[in-house]
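Biologist: Could you take me on a close look at one part of this protein, the sheet region with the annotated active site and the aromatic rings around it? I would love one connected walk through it.

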Amino acid sequence: MANSLGRHVLAEIYGCSFDILNDREKVEALMVDAALEAGAEVREVAFHKFSPQGVSGVVVISESHLAIHTWPELGYAAVDVFTCGDRVNPWDACNFLTDHFKAGHMTATEIKRGIVEDPKKAVNI
């Protein structure tokens, strides 16, 4: 992760179970479990169920966040996992969700965030 502050994986998860993607409590539990599976420290959780279907939510972690929006009728979930530092691997969370959403497949892109050309030592105030 040379000269970057974090890694941000944008995942497109297809062929998922309608029943899982449309269940706010299940999506929330799986997102929290994905964060823990990746080794993150969960801080806050907020999820919302839409009518007639769909769930959006965020898991705030000490290392940044996991966010999701689902389209159960399409079997699709848009997921982003942003982690700072070297301790948490965002791919572990994405792979966990792909498995537990019973997905057909996942495509994803990783973006380095906070690329610093001339890094300065951080100062705690």
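Modeller: Gladly, and one definition helps at the start: a charge sits over a ring if NZ of Lys or CZ of Arg is within 6 Å of the ring centre and within 35 degrees of the ring normal. In this predicted model, Arg113 meets that description, lying over the face of Phe82 at 5.0 Å from the ring centre.

Let us turn to the annotated positions. An unreviewed UniProt entry places the feature "active site" at Ser64, His69 and Cys84. His69 is found in strand S4, which covers residues 64-71, while Cys84 belongs to strand S5, residues 76-84. Are these two side chains buried or exposed? For His69 the relative accessible area is 24%, so His69 counts as partly exposed. Cys84 has a value of 32%, so Cys84 is partly exposed as well.

Their surroundings are worth a look too. If we set aside neighbours within four places in sequence, His69 touches Phe50, Val55, Ser56, Tyr76, Ala77 and Ala78. With the same neighbours set aside, the contacts of Cys84 are Leu5, Gly6, Glu63 and Ser64. That last contact joins two of the positions carrying the UniProt feature, Cys84 and Ser64.

Tyr76, one of the residues touching His69, leads us to the aromatic rings. A pair of aromatic rings is described by the distance of the centres and the angle of the planes. How many such pairs turn up in a search of the whole structure? The search finds two. In one, Tyr14 and Tyr76 have ring centres 5.2 Å apart and planes at 35°, so this pair is tilted. Because Tyr14 sits in strand S1 (residues 6-14) and Tyr76 in strand S5, the pair ties together parts that are 62 residues apart in sequence. Tyr76 also pairs with Trp71, again in a tilted arrangement, with 5.3 Å from centre to centre and 40° between the planes. Through these ring pairs, Tyr14, Trp71 and Tyr76 become a cluster. Where do its members stand in terms of accessibility? Tyr76 counts as buried because its relative accessibility is 14%, below the 20% cut-off. Tyr14, at 31%, counts as partly exposed, and Trp71 is partly exposed with a relative accessible area of 31%.

Finally, let us follow the strands that lead up to S4. Strand S2 (residues 42-49) runs antiparallel to S3, and seven bridges join them. Between S2 and S3 the hairpin has five residues, and Gly54 in that turn has a positive phi of about 110°. S3 also runs antiparallel to S4, here with six bridges, and a hairpin of two residues makes the connection. Val59 lets you follow both pairings: in S3, Val59 is the bridge partner of Val45, and Val59 also stands opposite Leu66 in S4. Why is strand S3, residues 55-61, described as largely enclosed by the rest of the structure? The reason is that five of its seven residues are buried. Two residues of the His69 contact list, Val55 and Ser56, fall within the range of S3, which brings us back to the annotated positions.

Definitions and conventions:
Residues numbered from 1 in each chain as written. Predicted model: local features only at pLDDT ≥ 70, side-chain atom pairs only at ≥ 80, totals over all residues. Heavy atoms only, no water. UniProt positions renumbered as here; feature names shortened; annotations may be inferred. Helix = DSSP H or I, 4+ residues; strand = E, 2+ residues; numbered from the N terminus. Buried < 20%, exposed > 50% of the residue type's maximum accessible area, 1.4 Å probe, protein only. Contact = heavy atoms within 4.5 Å. Phe/Tyr/Trp six-rings, centres within 6.5 Å; stacked < 30°, edge-to-face > 60°. Pairing = 2+ DSSP bridges.
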